[in-house]
Amino acid sequence: VLLAITGSIAAYKSAFLIREFIKNGAFVKVIVTESALQFVTTVTLSTLSKNPVYKDFIKDDNTGEWNNHVDLGSWADLMVIAPATANTISNLVSGRANSFFLSTFLSCNAPVFVAPAMDLDMFKNKSTQTNIQLLIDRSLNVIEPKEGELASGLEGKGRMAVSYTHLRAHET
């Protein structure tokens, strides 16, 4: 499983998700965006996944060693983007390749699961809903967020709702 974590308060749930995947026999590699690191650390993610965490194309400035986004995208049997912010979803739809994460996404031929996580008004926004529908039309698996208390204090739909069960359902 290639898990991509983007900048949402729901990023803390990624640690639990990694553990759940591994408990169920998955080998996990993690990509983080710069904004995800405001919520989780690479030390936590690499410890739980038992693998280095990927963020940038360049691994070592001194040697020029780089992370190959094409190889990483090809390695994955499936890719999970959780949490997926409204900004992330927009970038996925537009085909942007201005980060290691987005370039890896574009290089991935495996099934992709997208788990939106955002405030209820952002989720309900027509632009967001149109973008989500475009992802579905492009054969990405969008996992509907749950309703409940959100980080803003509001109640509504927008809580990240991904688990190993969602991925297993795809296999059947």
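Is Tyr 12 buried, partly exposed or exposed, and what is its relative accessible area? In this predicted model, Tyr 12 has a relative accessible area of 43% and is therefore partly exposed. The residue lies in the loop that links E1 to H1. Tyr 12 also contributes to a nonpolar patch on the surface. Its partners there are Ile 9, Phe 16 and Phe 39. The patch covers about 430 Å².

The strand pairing was examined next. Strand E1 spans residues 2–5 and runs parallel to E2. The two strands are joined by 4 bridges. Across this pairing, Ala 4 of E1 faces Ile 31 in E2. Helix H1, residues 13–23, belongs with E1 and E2 to a β-α-β unit. The unit is right-handed.

E2 also pairs with strand E3, residues 53–54. This pairing is again parallel and rests on 2 bridges. Val 53 in E3 is the bridge partner of Val 30. Between E2 and E3 the chain passes through helix H2, residues 42–49. This β-α-β crossover is right-handed.

E2 thus takes part in both pairings, with E1 and with E3. The strand covers residues 29–32, and its side chains point in two directions. Lys 29 and Ile 31 point one way. Val 30 and Val 32 point the other way. All four residues are buried. Two of these buried residues also appear in the bridge pairs: Ile 31 stands opposite Ala 4, and Val 30 is partnered by Val 53.

How values were computed. Residues are numbered from 1 along each chain as its sequence is written. This is a predicted model: local features need pLDDT of at least 70, side-chain atom pairs count only at pLDDT 80 or more; totals for chains, interfaces and linings use all residues. Side-chain values use heavy atoms; hydrogens and water are left out. Buried means under 20% relative accessible area, exposed over 50%, partly exposed in between (1.4 Å probe, protein chains only). Two strands pair if DSSP finds at least two bridges between them. A crossover is right-handed if, with the strands pointing away from the viewer, the path from the first strand over the helix to the second runs clockwise. Patches are made of residues with over 30% relative accessible area and no salt bridge: like charges are joined within 9 Å, nonpolar side chains (Val, Leu, Ile, Met, Phe, Trp, Tyr) within 5 Å. Accessible areas come from the Shrake-Rupley method with a 1.4 Å probe; for residues, only the protein chains shown count as cover. A salt bridge is a side-chain nitrogen of Lys or Arg within 4 Å of a carboxyl oxygen of Asp or Glu.
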